[in-house]
Amino acid sequence: QFIIHYFLQLIPLLYFHGKKSMDKIALITGATAGIGKDTAFSLAKMKYNLILTGRRKERLLEVGTKLKHQFGIKSHIAYFDIQSQEAVMQFIDKLPKEWRAIDVLVNNAGLALGRSPIHEGEFGDWDTMIDTNVKGLLYITKPVSQWMVERKKGHIINLASIAGTQVYPTGNIYCATKHAVIALTKAMRIDLLPYGIKVTSISPGVVDTEFSIVRYKGDVEKAKSVYEGYTPLYGEDIANVIAFAVSQPPHVNINDIELTCITQASTHYYRKT
Ligand code: 8X3
C-alpha cells in the first residue's frame, strides 16, 4: 500500500515535469544552415524546444542531435520543400499535438537566385524565389498563426532584408519578394493585433552564409568575393538579434530591426578595405 501511495504521488510530478520540458516551442524554417541554424542554437540556449524544418534531412538531423546534447532540449525534425503547399500541409497535419503550441515561428527559409536585369532574368529563378520567400512563408504562417490565435499567444519573426526597403541593380525579383515580406509583416501585425500575437521583421544587410553560393549557382569565386575586404555580418549576429526580440517582456513588441555590418550603409554604399 505504501508503494502504491508513493507511486500515486509521483504521477503529478512526472506529469508536470513532462509538461515543463515542453514549456517553450519554436519553429524555425530553413534550419539546415546559415541564419536558421544559428537561430536554432541561440533559441536552444534559451531552452526552447525546436521544430526544425528544411530540405536536407541529414543536416537537420545533425543539428537536432547537436542541440539535444548541448542544451538538453527536445527537437522535432521535418524535411520538406516549403514551396510545395501540399508538403507544408502534410507537415502541419502530421505534427504531433504536443508540438502545436508554438510560441515562436521564425520564417527564415528564403533565397536569392541569379543577378540579371529584368529583361534577361529566368522565369524558373523568379518562380523559386517567389514560391519560397513569399508563398512558402505564407503556407507555414497560416496554420501556425491559427494555432497562435487559438492560444492568444505567439510571436512571428519574418526574415526580411535591407532588400525589403531598397532596390539595387539586378536585384529586381529578390528585392520584390523581400518588399512583400515587409508588407506581410505589417499586415500580420494588424490582423493578429486582437489576439496579442507579436510580429517582428528582421532586415539584415550582407550576411556571410550560403546565400551567395546559392545566388551565383555554385560559382564559389563569385560568392567568396561578396564577403571579401571587410567583415560582413555572420549568421550568429542575426541569431542574437532574434534572441533579443523574443526575450522582451510580454507587453513589448519589437516591430522591425534593420542591421548591417559596420562597413555597409545601404544596399549601395559599402566601405571595402
Ligand atoms: C541580402 C542582402 O543586399 O544582398 O538579403 O540583397 S542583399
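**Exercises on the ligand site, a pocket and an aromatic pair**

An oxygen atom of the ligand is placed 2.5 Å from a side-chain N or O atom of Tyr174. The model is a predicted one.

**Exercise 1.** Determine which residues surround the ligand, and how the shell divides by class.

*Solution.* Begin with the polar contacts, for which a pair of N or O atoms must lie within 3.5 Å. Tyr174 meets this cut-off at 2.5 Å. For Ser161, a side-chain N or O atom is 2.6 Å from a ligand oxygen atom. For Tyr168, the distance from a polar side-chain atom to an oxygen atom of the ligand is 2.6 Å. The protein covers 87% of the 240 Å² of accessible area that the ligand has on its own. Next, list the full shell: Ser161, Ala163, Tyr168, Tyr174, Gly205, Phe211 and Thr267. Finally, sort by class: four residues are nonpolar, three are polar and none is charged.

**Exercise 2.** Characterise the second largest pocket by its space and its lining.

*Solution.* The space in this pocket comes to about 260 Å³. Its lining consists of 13 residues, and those nearest the centre are Lys153, Gly154, His155, Lys198 and Val246. By class, the lining holds five nonpolar, four polar and four charged residues.

**Exercise 3.** Classify the ring pair of Phe41 and Phe71, and state which helices it links.

*Solution.* The model has five aromatic pairs. For Phe41 and Phe71, the ring centres are 6.3 Å apart and the planes stand at 75°, so the pair is edge-to-face. Phe41 belongs to helix 2 (residues 34–45) and Phe71 to helix 3 (residues 57–71); the pair therefore ties together parts that are 30 residues apart in sequence.

Note on methods
Residues are numbered from 1 along each chain as its sequence is written. This is a predicted model: local features need pLDDT of at least 70, side-chain atom pairs count only at pLDDT 80 or more; totals for chains, interfaces and linings use all residues. Side-chain values use heavy atoms; hydrogens and water are left out. A polar contact is a pair of N or O atoms within 3.5 Å; within protein, one must be able to donate a hydrogen and the other to accept it, and residues adjacent in sequence count only if both atoms are side-chain atoms. Accessible areas come from the Shrake-Rupley method with a 1.4 Å probe; for residues, only the protein chains shown count as cover. Ala, Val, Leu, Ile, Met, Phe, Trp, Tyr, Cys and Pro count as nonpolar, Asp, Glu, Lys and Arg as charged, and the others, Gly among them, as polar. On a 1 Å grid over the protein atoms alone, a cavity is a set of points where a 1.4 Å probe fits but cannot get out, and a pocket is an open set with protein on both sides within 12 Å along at least five of seven lines; lining residues have an atom within 4 Å of a point. Grid points are joined across faces, edges and corners, and a volume is the space filled by probe spheres set on the points. Rings of Phe, Tyr and Trp (its six-membered ring) pair if their centres lie within 6.5 Å; planes under 30 degrees apart count as stacked, over 60 as edge-to-face and the rest as tilted. Helices (H or I, at least four residues) and strands (E, at least two) are DSSP runs, numbered from the N terminus.
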